[in-house]
Amino acid sequence: MEKKVRVSLNEHPESRDIPQFVHVANQYDSSLYMVSREGFRVNIKSIMGMMNFQASNGQEVIIQAEGQDQEEAMEAMVRCLTGKG
């Protein structure tokens, strides 16, 4: 499954937010990826991949989740990116 999300955080999602985001992603068994509008795709469970992604406020990204707990994982990723929850 996949969902388009607009990044909406109080601050630029810098290195302070990335480890927390990766930590949340690693709580799920599903494969999780983030895809930019340009097609750049990274594994959300990889701290190095996420640091290279450089998502910014207002940017639209696609979250892809596949696995047994994909719905729960998707909800958690959306909450992390939108600051809701």
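This passage walks through helix H3, a small salt-bridge network, a nonpolar patch and one loop residue in a predicted model.

Helix H3 is a good place to start. It covers residues 70-82, and a rise of 1.5 Å a residue means that its 13 residues should span 18 Å. The C-alpha atoms at its two ends do sit 18 Å apart, so the expected and modelled spans agree. Much of the interest here is in what the helix hides: Gln70, Ala73, Met74, Ala76, Met77, Val78, Leu81 and Thr82 are buried. An α-helix has 3.6 residues a turn, so positions three or four places apart point the same way. As for partners, the buried residues of H3 pack against two strands, E1 (2-6) and E2 (31-35), along with helix H1 (18-25) and strand E4 (60-66). Right after the helix comes glycine 83, with a positive phi of about 70°.

Strands E1 and E4 turn up again in the charged pairs. The count of salt bridges comes to two. In one of them, glutamate 60 pairs with lysine 4, with 4.0 Å between the closest N and O atoms. That pair links distant parts of the chain, as glutamate 60 belongs to strand E4 and lysine 4 to strand E1, 56 residues apart. Glutamate 60 also forms a salt bridge with arginine 6, and here the closest N and O atoms are 3.3 Å apart. Since arginine 6 lies in strand E1 and glutamate 60 in strand E4, this pair ties together parts 54 residues apart in sequence. Through shared partners, Lys4, Arg6 and Glu60 end up in one network.

How open to solvent are these three? Lysine 4 has a relative accessible area of 55%, over the 50% cut-off, so it is exposed. Arginine 6, at 48% relative accessibility, counts as partly exposed, and glutamate 60 is partly exposed too, with a relative accessible area of 32%.

Away from the charges, Ile47, Met48 and Met51 make a nonpolar surface patch of about 270 Å². Methionine 51 is part of helix H2, which runs over residues 47-53. Its relative accessibility is 37%, so methionine 51 counts as partly exposed.

Finally, glutamine 68 sits in the loop between E4 and H3. At 78% relative accessibility, glutamine 68 counts as exposed. Its C-alpha atom is 24 Å from that of isoleucine 18, a residue 50 positions away along the chain.

Technical notes
Residues are numbered from 1 along each chain as its sequence is written. This is a predicted model: local features need pLDDT of at least 70, side-chain atom pairs count only at pLDDT 80 or more; totals for chains, interfaces and linings use all residues. Side-chain values use heavy atoms; hydrogens and water are left out. Helices (H or I, at least four residues) and strands (E, at least two) are DSSP runs, numbered from the N terminus. The expected span of a helix is 1.5 Å times one less than its number of residues. Buried means under 20% relative accessible area, exposed over 50%, partly exposed in between (1.4 Å probe, protein chains only). Contact means heavy atoms within 4.5 Å. Patches are made of residues with over 30% relative accessible area and no salt bridge: like charges are joined within 9 Å, nonpolar side chains (Val, Leu, Ile, Met, Phe, Trp, Tyr) within 5 Å. Accessible areas come from the Shrake-Rupley method with a 1.4 Å probe; for residues, only the protein chains shown count as cover. A salt bridge is a side-chain nitrogen of Lys or Arg within 4 Å of a carboxyl oxygen of Asp or Glu.
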